[in-house]
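Grab a pencil and work through a few exercises with me. Try each task by yourself before reading the solution below it.

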Amino acid sequence: MLDRLRASLALRLAVQYALVFALASALLFGALYWLLADRLEKREQVAVEHRVTELADAYGEGGVQALSARVHNDQSPEARSLFVRLISPANGAVFVAAPPDWIETQVQRVPFPEAGMVAERKLSVVRVPQDALRDYTVASGTLPDGWIVQVGRLTDSRAVLLAPLRRAFGLVGAGALLLSIGVGTLLAWRATRPIRMLSQTATRILDQDDRSARVTGSFAAGELATLVRQFNTLLDRNATHVRVLRDTLDNLAHDLRTPLTRLRGTAELAMQDSGDPAEARAALAACVNESDRLLHLLEVLLDISAAEGGALKLQRERLDLRALVERSADLYSEVAQENGIAVALELPAPVMLDADPVRLGQVVNNLLDNALKYTPAGGRVLLAARADGPSAVLSVSDNGSGIPAAERDAVFRRLYRSDTSRSQRGLGLGLSLVRAIVEAHGGTVAADATPGGGARFTVRLPVAGTADRSTGKP
Amino acid sequence: MRVLVVEDDARIASFVVRGLKQAGFATDHAADGDTGLALAQSTDYDAAIVDVMLPHLDGLSLVRRLRGARRPVPVLFLSAKSSVDDRIRGLQSGGDDYMTKPFAFSELLARVQALIRRASQVPESTRLAAGDVTLDLVSREVTRGGEAVMLQPREFSLLAFLLRHAGRPVSKTMILEHVWDYSFDPQTNVVDVVVSRLRAKIDPEHVRLETVRGVGYIFRPHA
């Protein structure tokens, strides 16, 4: 748990932000501290400088006596707290007045000004650290005759003065830092919840092979919520692909098994030498036919899978649906004649659309083929194409016995053969291919009944310009 | 007649070469594109059968280079891919015909012979005949045993196609390509339907226009 916490993105983010916050606060406090200390020091300096000027004036008026009198006469606490020393260049200290609470050693420790410094400037202030707690602020003034008057004051050291501030900052700063780490971690933990859920879901899928696992729970809007939704969509889509693939394989295996068994049986029979070469040849020819059938079955199944999986390459071009319908009717004219079925066309106006002519041709062919198969002799098949707003509509209807309502969706299923159609030749894939191709074009196909009870297949395709090339089933 | 076979699958190559030799062709075989190109550039062939998927140099590139070098040899592509797109690409790269695997050898042979005949550019006679059947492409008259036979347009085209290939089997796919102008097999029984109608008019005794099981049809000049 501790390791997890340490590795947690939320904590790392919170700590990083807290550190940045701490650094910024320290900088701010440093600046404040420096400013305050500077102001305090300036005040002391101004006070002692002022006194030096006063005393220098007094000295100028009446010499040492006047200066002494001035010092002794001013009994204000402010004045009494000051140390005064008059220094003669020849004889050293001539006059010393120390505040009453000073002891002798303290007086001795006030340093004499450095000769050069005082010589150059009329007035100077130095700060002399005395001990950890106190400092001297000493101002020196050079008198016109070269004597020097020193005024000093013992003050609390900067460190002592600003100690409460430092303490306050330390406390408040540490508190704020801890609080920010704590609250920050909590907030970041909450904010990164979708990531953890994502990771948990991925773990479940990877470790437990639970492919139905999804990220559950609702997340507010935002990038992570979008990520979670996309993740789920991705999983759904993958699941669909896998399912389609597995179904295809299952179907394929199932549907290849029967013809392969037949093929094998025929070949086996041919091998048993009956002594009749004609019989053997016939068996071999049957093998060839069966192989062709298998091959065709395989190709159509792959086409359907490709179309359903969105992998069918469509070579779209601008075309008139009527041309495809006419071509298909022409292709099947002899078959229709042979079956005694009249094929009528209803093509009143051009129906332009962007589509793959070969694939769409297969759609028309398969629908017509289907209609011709299930319409009894003497029947009638109508092929109609028209534009209907944003759709191109193709309908193939017959006056046969129709499709029972319960089977109208099922007829598009792969290898579906209704009870009535089992006797007919064919693979049971034609309508599946029709639907797969139509949907790959972004259209729909449905079966219903004509008013007369016959079957009617209606294909709706987006007309030219509105077709989205990428549209297709996921 | 010399035919070049460029095919990397040893089994397919072997049965194609054997079949062509039986049919009286001299054959050379190359198992990869580079060898095939070298052979095609150094020898004058009457036709070349080229697999699309080949090691080193694929069939399409091979033929493109051959055409770049102005070698006019007619080329038949073989491919395991059956999509229309591949077919078009094959023909665009300079191929003259295209067959998908698996194929019937008899159809391959018929296509190769057709390619060679087309390339030899012998002007076709406007009159086709086989046995007692004659067909005039211009007047569109058909006779059988001297008597006129009335054919519908598609029956006429089918007969013309069969007469051009008289004595050799033709596949349903070839018929669909040439009579219906369909570049892919729409998987219908229209060919069977028209063949049986034609048979009824031309060969009611079922001795000339025969079904070759597993291959297609053959029109025999002599019963």
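The exercises below go through a predicted model, starting where the two chains meet.

**Exercise 1.** Work out which helices of chain A supply the side that touches chain B.

*Solution.* Begin with the count: 17 residues of chain A are in contact with 17 residues of chain B. Next, look at where the chain A residues sit. Helix 10 (277-308), helix 12 (333-339) and helix 13 (357-374) of chain A each give at least two residues to this side. Helix 10 of chain A has the largest share, with seven residues. Finally, sort this side of chain A by class: eight residues are nonpolar, four are polar and five are charged.

**Exercise 2.** Decide how helix 10 of chain A is oriented against helix 14 of chain A.

*Solution.* Start from the geometry. The axes of helix 10 and helix 14 (residues 430-440) of chain A are 8 Å apart, and the packing angle is about 30°. Angles under 35 degrees count as roughly parallel, so helix 10 of chain A and helix 14 of chain A are roughly parallel to each other. As for handedness, helix 10 of chain A passes helix 14 of chain A in a left-handed crossing. Now find the residues that touch. Helix 10 of chain A brings A:V300, A:D303, A:I304, A:A307 and A:E308, while helix 14 of chain A brings A:S432, A:L433, A:A436, A:I437 and A:A440. Sorted by class, this contact holds seven nonpolar residues, one polar and two charged.

**Exercise 3.** Do the same for helix 11 and helix 13 of chain A: find the angle, then the handedness of the crossing.

*Solution.* Helix 11 (residues 321-331) of chain A and helix 13 of chain A cross at roughly 50°, and their axes come within 9 Å. That angle makes helix 11 of chain A oblique to helix 13 of chain A. The crossing of these two helices is right-handed. On the helix 11 side of chain A you'll find A:L324, A:V325, A:R327, A:S328 and A:L331. Helix 13 of chain A answers with A:P357, A:L360, A:G361, A:V364, A:N365 and A:L368. The classes here are seven nonpolar, three polar and one charged.

**Exercise 4.** Over to chain B: in what order do the five strands of its open sheet lie, and which strands stand at the edges?

*Solution.* First get your bearings: chain B has eight helices and 12 strands, and 36% of its 223 residues are buried. Five of the strands form an open sheet in the order 2-1-3-4-5, with parallel pairing. Read off the two ends: strand 2 (26-30) and strand 5 (97-100) of chain B stand at the edges. Each has a single partner strand, so one side of each is left without a neighbour in the sheet. On average, neighbouring strands of the sheet are turned by 20° against each other, direction ignored.

Now zoom in on one pair. Strand 3 (residues 47-51) and strand 4 (residues 75-79) of chain B pair in the parallel sense over four bridges. B:I49, for instance, has B:L76 of strand 4 of chain B as its bridge partner.

**Exercise 5.** Find which strands of this chain B sheet helix 1 and helix 3 of chain B touch or lie across.

*Solution.* Take helix 1 (residues 10-22) of chain B, which packs on the sheet and touches strand 1 (2-6), strand 2 and strand 3 of chain B. Its direction makes about 165° with that of strand 2 of chain B. Then take helix 3 (residues 59-68) of chain B, which lies across strand 1, strand 3 and strand 4 of chain B. Helix 3 of chain B runs at about 145° to strand 3 of chain B.

Key:
Residues are numbered from 1 along each chain as its sequence is written. Chains are lettered from A and ligands numbered from 1 in the order in which they are written. This is a predicted model: local features need pLDDT of at least 70, side-chain atom pairs count only at pLDDT 80 or more; totals for chains, interfaces and linings use all residues. Two residues are in contact if their C-beta atoms, placed from the backbone, lie within 7 Å. Ala, Val, Leu, Ile, Met, Phe, Trp, Tyr, Cys and Pro count as nonpolar, Asp, Glu, Lys and Arg as charged, and the others, Gly among them, as polar. Axes are lines fitted to C-alpha atoms, for helices over the stretch in contact, and angles run from 0 to 180 degrees between N-to-C directions. Angles under 35 degrees count as roughly parallel, over 145 as roughly antiparallel, 65 to 115 as roughly perpendicular and the rest as oblique. A crossing is left-handed if the near helix is turned anticlockwise from the far one by less than a right angle, and right-handed if clockwise. A residue is buried if 20 or more other C-beta atoms lie within 10 Å of its own, exposed if 12 or fewer, and partly exposed in between; C-beta atoms are placed from the backbone. Two strands pair if DSSP finds at least two bridges between them.
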